[in-house]
Amino acid sequence: MEFLNDFMLPVVLGICLCAGYIIKQWINDLNNKYIPTIVAVLGIFLAVWISEWNITPEIILSGLISGLSSTGLHQVFKQFIENNSF
C-alpha cells in the first residue's frame with residue numbers, strides 16, 4: 001500500500017477535504033454515502049487540471065487516491081476532535 005503515497009497530491013487532498021466538509025455541513029438532505037463519490041470525481045477533475053488537461057491512468061489514480069483519502073482524513077480529524085486523542 002505504500003506505493004500509493006507516490007500518487008498522493010496534497011493540494012487535491014486539501015481541496016477535496018474542504019469541499020467534502022462544506023458539502024457535509026451545508027447540504028443536509030444529501031446522504032453521506034454520496035460524499036466519497038463527489039470528492040473522488042472532484043479529485044480526478046483537479047488532478048487532470050493540475051496536469052494541464054492530460055488524462056492518463058496515473059493522473060486518474062492520483063485524483064482518486066487524493067480525493068478518497070480526504071474522506072479518511074476527515075474521519076481522523078473528527079475522531080481526534082471528538083475524543084481529544086487517538
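**Figure 1. Burial of C16 and the cysteine sulfur atoms in the predicted model.** In this predicted model, C16 counts as buried because its relative accessibility is 0%, a value that falls under the 20% limit for burial. The closest cysteine sulfur to that of C16 belongs to C18 and lies 9.5 Å away, which is too far for a bond. Seen from C18, the closest cysteine sulfur is likewise that of C16, at 9.5 Å, so the distance is again too great for a bond. In keeping with these distances, a search of the whole structure finds 0 disulfides, the cut-off for such a pair being 2.5 Å between sulfur atoms.

**Figure 2. Helix α1 and its buried residues.** Helix α1 covers residues 10–26, and because each residue should add 1.5 Å, its 17 residues should span 24 Å, which agrees with the 24 Å that separates the C-alpha atoms at its ends. The buried residues of α1 are V12, L13, C16, L17, A19, G20 and I23. Among the elements that cover these buried residues are α2, made of residues 35–50, and α3, made of residues 57–83.

**Figure 3. Packing of α1 against α2.** Two packed helices are described by the angle between their axes together with the distance between those axes. For α1 and α2 the angle is about 145° and the axes are 9 Å apart, and the crossing of the two helices is right-handed. On the side of α1, the contact is made by V11, V12, I15, C16, A19, G20, I23 and K24, while α2 contributes I35, I38, V39, L42, G43, L46, A47 and I50. Sorted by class, the residues in the contact of α1 with α2 are 13 nonpolar, 2 polar and 1 charged.

**Figure 4. S70 of α3 and its surroundings.** S70 lies in helix α3 and counts as buried because its relative accessibility is 2%. When residues up to four places away in sequence are not counted, S70 touches L13, C16, L17 and V39. Of these partners, L13, C16 and L17 are themselves among the buried residues of α1, whereas V39 is one of the residues that α2 brings to its contact with α1.

**Figure 5. L9 in the segment before α1.** L9 is placed in the segment before α1, and it counts as partly exposed because its relative accessibility is 26%. Leaving aside neighbours within four places in sequence, L9 is in contact with A47, S62 and S66; A47 also takes part in the contact of α2 with α1. L9 and N54, which are 45 residues apart in sequence, have C-alpha atoms 15 Å apart in space.

**Figure 6. F45 of α2.** F45 is found in helix α2 and, with a relative accessible area of 44%, is partly exposed. From F45 to E82 the separation is 37 residues in sequence and 32 Å in space, taken from C-alpha to C-alpha.

**Figure 7. The setting of the close-up views in the whole protein.** The protein has 3 helices and 0 strands, and from the N terminus on its elements run α-α-α. Taken along the principal axes, the C-alpha atoms fill a box of roughly 40 × 30 × 20 Å. Of the 86 residues in the protein, 27% are buried. Among contacts with a separation of 6 or more, 63% are accounted for by residues 24 or more positions apart.

Methods. Residues are numbered from 1 along each chain as its sequence is written. This is a predicted model: local features need pLDDT of at least 70, side-chain atom pairs count only at pLDDT 80 or more; totals for chains, interfaces and linings use all residues. Side-chain values use heavy atoms; hydrogens and water are left out. Helices (H or I, at least four residues) and strands (E, at least two) are DSSP runs, numbered from the N terminus. The expected span of a helix is 1.5 Å times one less than its number of residues. Buried means under 20% relative accessible area, exposed over 50%, partly exposed in between (1.4 Å probe, protein chains only). Contact means heavy atoms within 4.5 Å. Axes are lines fitted to C-alpha atoms, for helices over the stretch in contact, and angles run from 0 to 180 degrees between N-to-C directions. A crossing is left-handed if the near helix is turned anticlockwise from the far one by less than a right angle, and right-handed if clockwise. Ala, Val, Leu, Ile, Met, Phe, Trp, Tyr, Cys and Pro count as nonpolar, Asp, Glu, Lys and Arg as charged, and the others, Gly among them, as polar.
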